[in-house]
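Subject: Structure handed over, with notes on its contents

Dear colleague,

Please find below the structure that I am handing over to you. My notes on what was found in it follow directly after.

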Protein chains: 2
Amino acid sequence: MPGASLTLRGIGKQFDVSMTPAREAVRRLVAEGALFLSSSGRVSTPELSNERIEELAALRAMLEPELASRALPRAHFALIERLETINQAVSQMVARHDAIGYIRMNLEFHRTLYLRAQAPAMLMMTETVWLQMGPTMRALYGRLNRKEPPPHHRLILSALKAGDEPGLRLAVRADVTQGLRLLRG
Amino acid sequence: MPGASLTLRGIGKQFDVSMTPAREAVRRLVAEGALFLSSSGRVSTPELSNERIEELAALRAMLEPELASRALPRAHFALIERLETINQAVSQMVARHDAIGYIRMNLEFHRTLYLRAQAPAMLMMTETVWLQMGPTMRALYGRLNRKEPPPHHRLILSALKAGDEPGLRLAVRADVTQGLRLLRG
DNA sequence: TTGCGGTTTTTGTGATCACAAACGAAGCAT
DNA sequence: ATGCTTCGTTTGTGATCACAAAAACCGCAA
């Protein structure tokens, strides 16, 4: 949960290692912005302000349409088929109210598409943004129980099939910003 | 230099600490993409391929105009004056062929502007991109000896003074992509 | 009940060590 | 000369420890 605090010894015990590897993992996640490091060295999951959430949404809205656009020329039928399979899994997660599974599958959908962009640095930055929103997304998607799968995924898929680059950019941007609109407290 | 290898014990000795803090610092820089971690755990500065350089340039071209645009409404005279001072320092570095000082001052110019954007996550991603290009920039700017200060800084300053948002975006994008065009080997 | 000292426990930090894997150099064979 | 093997050295990893700072706890007083 956002704001939950972590201890090196606790993590170490949880994974049956000493403090040293736990420390490394934690500090890496801090460097990526996925965990918050207090001035006294204590570590906790971040509680994002509304401004921060909107900033991260703006980053996604810049990065992800570009990744999708770069993936478009390389998106052959096998990829689109795989995306449709993942999208069905997303719908299943919505149906069974599995918030964590929903987030996982939703990001899997996006990552599978973006991998085709052959832009590793861009993809890594995008995943860093996702990581920063992780605890917040989990808390809020768990709270509200949706009935419908994300509507823009179908738009993304049809734009991919049609080779419609502006439409794809729009669909991705809409998917990203619509999902994040729910997080505004 | 790009490709130079680093050892934990070496860094520790250099800064009069043990391996432990050296390891943490190195792993953080690896997480940020500033250092390269081989599969065997060895660490070195990265050697960027041309594709990677263009990708990082594309990231700068997306992020930095947005940051400048967000800073524009808050850019008062004191800030512009400070930017002009920094820009003079940039020119001095060019004049005395100080590649490191030039890179430092050039980024200082950009960071000073972007700080006004009140967008810490965006600024951090941008600085991460800078960090990834660090060794490569240093190697290449040291090699070629320029005579002229960066021409687009003046354009940025006049767009700031005029409150010209599209012009500012264009000037920033041009400054970023022009600087990076020199790095294409 | 609430606020405040003082004590105890928890927690991160940095150092050191043993160990295994990877590297590099030297020697040998072709 | 070149490629391969071998052996000594370097290097990262994870564990453990001492220490200091911070947090949590407890009891007491207003």
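To begin with a single pairing, F36(A) has S44(A) as its bridge partner in β3(A). Please bear in mind throughout that this is a predicted model.

**The sheets of the two chains**

The bridge just named belongs to the pairing of β2(A) with strand β3 (residues 43-44) of chain A, which are joined by two bridges and run antiparallel. In chain A, three strands make up an open sheet, ordered β1-β3-β2, with antiparallel pairing. Its edge strands are β1 (5-6) and β2 (36-37) of chain A, each of which pairs on one side only. As general background, the strands of a sheet pair through backbone hydrogen bonds, in either a parallel or an antiparallel sense.

Chain B also holds an open sheet of three strands, in the order β1-β3-β2 and with antiparallel pairing. There, β1 (5-6) and β2 (36-37) of chain B are the edge strands, each pairing on one side only. Two bridges link β2(B) with strand β3 (residues 43-44) of chain B in the antiparallel sense. Within β3(B), V43(B) is the bridge partner of L37(B).

**The interface between the protein chains**

What area do chain B and chain A bury between them? The figure is about 2100 Å², and 70% of it lies on carbon and sulfur atoms. In terms of residues, 24 of chain B are in contact with 24 of chain A.

The rule finds four salt bridges across the interface of chain B and chain A, while the count over all chains comes to 21. In general, side chains of opposite charge can pair when their charged atoms come close. One salt bridge joins E24(B) to R27(A), with the closest N and O atoms 3.1 Å apart. This pair crosses between chains, from helix α2 of chain B, which holds E24(B), to helix α2 of chain A, which holds R27(A). Another salt bridge is formed by the side chains of E24(A) and R23(B), at 3.4 Å from N to O.

Between chain B and chain A there are also eight residue pairs in polar contact, with both residues at pLDDT 80 or more. On the side of chain B that touches chain A, at least two residues each are supplied by α2 (19-31), α3 (50-71) and α6 (120-143) of chain B. The element that gives the most to this side is α3(B), with nine residues. Sorted by class, the side of chain B that touches chain A has twelve nonpolar, three polar and nine charged residues.

**DNA strand C**

DNA strand C is surrounded by 15 residues, and the closest are L8(A), R9(A), M19(A), S18(B) and T20(B). Of the atoms of this strand within 4 Å of the protein, 63% belong to sugar or phosphate, and the rest to bases.

Three polar contacts made by chain A may be of use to you:

- A polar backbone atom of L8(A) is 2.9 Å from a phosphate oxygen of DNA strand C.
- An N or O atom in the side chain of R27(A) is 3.1 Å from a phosphate oxygen of DNA strand C.
- A polar side-chain atom of R42(A) is 3.3 Å from a sugar or linking oxygen of DNA strand C.

The elements giving two or more residues to the surface near DNA strand C are α1 (8-15) and α2 of chain A, together with α2 of chain B. The largest share, three residues, comes from α2(A). By class, this surface has five nonpolar, five polar and five charged residues.

**DNA strand D**

Which residues come nearest to DNA strand D? Of the 15 residues around it, they are S18(A), T20(A), L8(B), R9(B) and M19(B). Sugar and phosphate account for 62% of the atoms of DNA strand D that come within 4 Å of the protein.

Two base nitrogens are worth listing by distance. A polar side-chain atom of T20(A) lies 2.8 Å from a base nitrogen of DNA strand D. For R23(B), an N or O atom in the side chain is 3.1 Å from a base nitrogen of DNA strand D. On the backbone side, a polar backbone atom of L6(B) is 3.5 Å from a phosphate oxygen of DNA strand D.

The element that gives the most to the surface near DNA strand D is α2(B), with three residues. The residues of this surface divide into five nonpolar, five polar and five charged.

With kind regards

Definitions and conventions:
Residues are numbered from 1 along each chain as its sequence is written. Chains are lettered from A and ligands numbered from 1 in the order in which they are written. Side-chain values use heavy atoms; hydrogens and water are left out. Contact means heavy atoms within 4.5 Å. Buried area is the accessible area (1.4 Å probe) that two parts lose on being put together, summed over both. A polar contact is a pair of N or O atoms within 3.5 Å; within protein, one must be able to donate a hydrogen and the other to accept it, and residues adjacent in sequence count only if both atoms are side-chain atoms. Helices (H or I, at least four residues) and strands (E, at least two) are DSSP runs, numbered from the N terminus. Ala, Val, Leu, Ile, Met, Phe, Trp, Tyr, Cys and Pro count as nonpolar, Asp, Glu, Lys and Arg as charged, and the others, Gly among them, as polar. A residue is near a molecule or strand if one of its heavy atoms lies within 4 Å of it. Two strands pair if DSSP finds at least two bridges between them.
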